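Good morning. I have one model to show today, and I will keep to a few local features. Please have the sequence and the structure open while I talk.

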Amino acid sequence: MLINEKDVYVLNPDYVMKNDLHRIILFSGSRSNFLSVKNWESFLLPLHAKIFSFFTFNRTLSTTISLLSDFLKKDERTVKRIVFPFIENPVSVFTVFKDEKIKFPKNLIINCSRFNNKINFLNLSPDIFDCKSIDILTKRFFSGPQLITFMLNNTCFTKCVYCYADINTKVKKPLSTNRILELIEETEKFPLRQINLMGGEVFLHPDWHVILKKIVDFNLSPEYISTKIPLSSKIIRSIIKSGFSNPIQISLDACFSEIMQKTLSVKSNYLPKVLQGIKALDKSGLCYRINTVLTTSNLKKDVIKDIFLFLSSLQNVSDWRITPAVNSNWIEFEKIKIIKPLKNELKFLFDFIEREIIPNSKIPILINRQAINREFHYCSTGSKYFDGVECSALKKQLFILPDGKATICEQLYWLPQFIVGDVSIDNIAEVWNSHHAKKLLHIQRNDIQYKSRCKECAFFEKCFEAGNRCWVDIVKTYGKENWDFPDPRCAFAPEMTFDLRF
């Protein structure tokens, strides 16, 4: 694309740069469009960020080049050679620093006209990107987490047979709304990307709408909000008033009341209310999607067909997600075994959906085949080489429980081994860098019990340093007392006490 130096070019407002003490983090904001890369994250050198900060002002490109020439003490031709690769770049680009690639997303700097000149100019000073030392290799964020999840409560509207949440722990002193709002304000001090909300049931928290609006105002909107509660017009109006524009995820496991009563322990009038709420949501203009969890109760063609017919009558549902029920730390394994579908049954139903339903659907249908195709006991070279999404626990995320206790990951809840602090008494940065957080991050052999095969493993240091073990899977597989056992993907892991497979 032709670059016109008389035009105003600006750092794409869908990208955010924040100082992480020893490098600059460039990431996608909570809102994105066709010009940006969703879920982008990369580490930059301070000089990169300083250069890009010059593109946060309302001035022509020629003026910016002149100012950069003075700042970098280089002639304008050299400056153009430096910055032009980042202007209207149609694909991601990279540079190399000490043999490490530094990556930049597409459309990093764009012409203001691409946004109809409606840009909020940040006027950033290059000084805010000063770093005393450089480290672009360490995966853990230095200044604080990038993702925070507030579990607002562990109170549910239903009692699902496949529930993975700890709804048994009694919260004696919930984190106050005022403290939650203070914590949201604290996040300006570190490179936070998003604040997620979950329960229990988010909409049963008395001040959920106040908390959500605060998060939206700080441009940290949750990726989505999941609910099983029948949505009322009051709840829908409050969501709209908050400014939240990401998806509401509605759980719908069947359009047969008997199945819903059996799997969710609800009354016969629950399903009609849920369907009524979905219809109201459909008319509201809010973004929403449907999620179906498969158990032995609803693993039937007729059930899937009925849900599909209902969804086909809607106008604005974004997609339908179908996933099998999995093991829980809080429901006895023998009970889970009864409701977990068999692998061949799931394959049969998934094949049916792909053959008969998806070709006739006007909305995307996302089937979680990955859940049934997972492999275990296959890797003999440490967690760095495990398949699947890299674990972000201790690296970039913090999970805050309803009483303010902070843990490293969803589904670990109040397990004491993983509690790293308490935000009711400490700030987020103190919890993030607490003694226990660092101890978990740098586990030593002496911290491992003798019956764990990790204790004497030759790959111990490299495996734990990679930090890609799934603590949740370990606890689900071997029990809470054996939290330090190998990840079940490890070839040296013992046979699964509680089988994760279908």
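I will go through a sheet, some backbone details, the aromatic pairs and two lysines. Keep in mind throughout that this is a predicted model.

Start with the sheet. It is open and is formed by 5 strands, in the order 9-8-15-16-17, with mixed pairing. Which strands stand at the edges? They are strand 9, residues 194-198, and strand 17, residues 419-422. Each of these two has a single partner strand, so one of its sides is left without a neighbour in the sheet. From one strand to the next, the twist averages 25°.

Within that order, look at strand 8 and strand 15. Strand 8 covers residues 147-151 and strand 15 covers residues 397-400; the two run parallel and are joined by 4 bridges. If you want a residue to find on screen, take T149, which stands opposite F399 in strand 15.

Now the backbone. Between G199 and G200 there is a cis peptide bond, with omega at about 20°. Where does G200 lie? G200 is in the loop between strand 9 and helix 5, the helix of residues 208-217. Strand 9 is one of the edge strands I mentioned.

At the other edge, go to the loop between strand 16, residues 405-407, and strand 17, where Q411 is placed. Q411 is not a glycine, yet its phi is positive, about 80°. Y413 is in the loop between strand 16 and strand 17 as well. Its phi is also positive, at about 50°, and Y413 is not a glycine either. Are these residues buried or exposed? Q411 has 17% relative accessibility, and the cut-off for buried is under 20%, so Q411 counts as buried. Y413 is buried too, with a relative accessible area of 0%.

Next, the aromatic rings. How many aromatic pairs does the structure hold? The number is 15. I will describe two of them.

One is F43 with F141, an edge-to-face pair with 6.0 Å centre to centre and 65° between the planes. F43 belongs to strand 4, residues 41-44, while F141 is in the loop between strand 7, residues 109-111, and strand 8, so the pair ties together parts that are 98 residues apart in sequence. F43 counts as buried at 15% relative accessibility, and F141 counts as buried at 1%.

The other is F52 with F86, again edge-to-face, at 5.2 Å centre to centre and with 80° between the planes. This pair links distant parts of the chain, 34 residues apart: F52 is in helix 1, residues 46-53, and F86 is in the loop between helix 3, residues 76-83, and strand 5, residues 93-97. Both F52 and F86 are buried. What do F52 and F86 form together with F104? Ring pairs link F52, F86 and F104 into a cluster.

Last, the two lysines. The charged end of K101 sits over the ring of F94, 4.4 Å from the ring centre. K340 lies over the face of F502, and there the distance to the ring centre is 4.7 Å.

To go back over the places to look at: the parallel strands 8 and 15, the cis bond between G199 and G200, the positive phi values at Q411 and Y413, and the cluster of F52, F86 and F104. That is what I have.

Terms used. Residues numbered from 1 in each chain as written. Predicted model: local features only at pLDDT ≥ 70, side-chain atom pairs only at ≥ 80, totals over all residues. Heavy atoms only, no water. Pairing = 2+ DSSP bridges. Axes fitted to C-alpha atoms, helices over the stretch in contact; angles between N-to-C directions. Buried < 20%, exposed > 50% of the residue type's maximum accessible area, 1.4 Å probe, protein only. Phe/Tyr/Trp six-rings, centres within 6.5 Å; stacked < 30°, edge-to-face > 60°. Lys NZ or Arg CZ within 6 Å of the ring centre and 35° of its normal.
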